[in-house]
Amino acid sequence: MNFIQSSDKVRRTHKLTRSDINRMAHIARRRGRPELPPEIRLVNEVPIAMRLPPAEHQRTQAHAEREGRSVANFARRVYLMGLAQYEAELARTAAHA
């Protein structure tokens with residue numbers, strides 16, 4: 001039985017919990033990342049390409065490795081932190097206007 005068949009069986013017979021989804025994603029990573037069913041995918045649906053100079057990419061890789069993350073996951077975390085800061089600045093600007 002392959003991963004997709006086993007995940008379909010789990011989904012049909014049990015209500016999926018976050019730990020079920022995490023376990024299935026862990027198994028997927030260990031087995032060479034087979035395609036997960038769309039309703040439990042843990043990847044982002046809309047990719048955004050970003051070009052970095054080699055020095056910035058090396059810095060990003062170093063930080064990602066230090067945190068035990070993939071480069072994409074680390075880049076997303078940094079993006080979300082920057083987005084929150086940007087939105088806070090917009091709110092401060094709007095409050096002063």
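Let's start with confidence, helix by helix. This is a predicted model. Among the elements of the protein chain, helix α1, residues 3-13, has the lowest mean pLDDT, at 54. Helix α3, residues 54-67, has the highest, at 94. For the whole protein chain the mean pLDDT is 78. Of its residues, 65% reach 70 or more. A word of caution here. Where pLDDT is low, the predicted coordinates should not be read in detail.

Now the overall layout. How many helices and how many strands does the protein chain have? The count is 4 helices and 0 strands. From the N terminus on, the order reads α-α-α-α. The protein chain has 97 residues, and buried ones make up 14% of them. About 8,300 Å² is exposed, and carbon and sulfur atoms supply 54% of that. Next, contacts between residues at least 6 apart in sequence. Of these, 40% join residues at least 24 apart.

Back to α3. Does its length agree with expectation, or disagree? Let's put that as a number: what should α3 span? At 1.5 Å a residue, its 14 residues should span 20 Å. The end C-alpha atoms of α3 are 20 Å apart, so the two agree. Just after α3 comes Gly 68, with a positive phi of about 70°.

Then there is helix α4, residues 71-96. How do α3 and α4 pack? Their angle is about 100°, and their axes are 9 Å apart. An angle from 65 to 115 degrees counts as roughly perpendicular, so α3 is roughly perpendicular to α4.

Who meets whom? On the α3 side we have His 57, Thr 60, Gln 61, His 63, Ala 64 and Glu 67. On the α4 side, they meet Val 71, Phe 74 and Arg 77.

Let's take one of those, Val 71, which is found in α4. Is Val 71 buried, partly exposed or exposed? Its relative accessibility is 30%, so Val 71 counts as partly exposed. Leave aside its neighbours within four places in sequence. Val 71 is then in contact with His 57, Thr 60, Gln 61 and Ala 64. One more distance. Gln 58 and Val 71 are 13 residues apart along the chain, and their C-alpha atoms are separated by 9.9 Å.

Terms used:
Residues are numbered from 1 along each chain as its sequence is written. This is a predicted model: local features need pLDDT of at least 70, side-chain atom pairs count only at pLDDT 80 or more; totals for chains, interfaces and linings use all residues. Side-chain values use heavy atoms; hydrogens and water are left out. pLDDT is the predictor's confidence in each residue, from 0 to 100. Helices (H or I, at least four residues) and strands (E, at least two) are DSSP runs, numbered from the N terminus. The expected span of a helix is 1.5 Å times one less than its number of residues. Buried means under 20% relative accessible area, exposed over 50%, partly exposed in between (1.4 Å probe, protein chains only). Contact means heavy atoms within 4.5 Å. Accessible areas come from the Shrake-Rupley method with a 1.4 Å probe; for residues, only the protein chains shown count as cover. Axes are lines fitted to C-alpha atoms, for helices over the stretch in contact, and angles run from 0 to 180 degrees between N-to-C directions. Angles under 35 degrees count as roughly parallel, over 145 as roughly antiparallel, 65 to 115 as roughly perpendicular and the rest as oblique.
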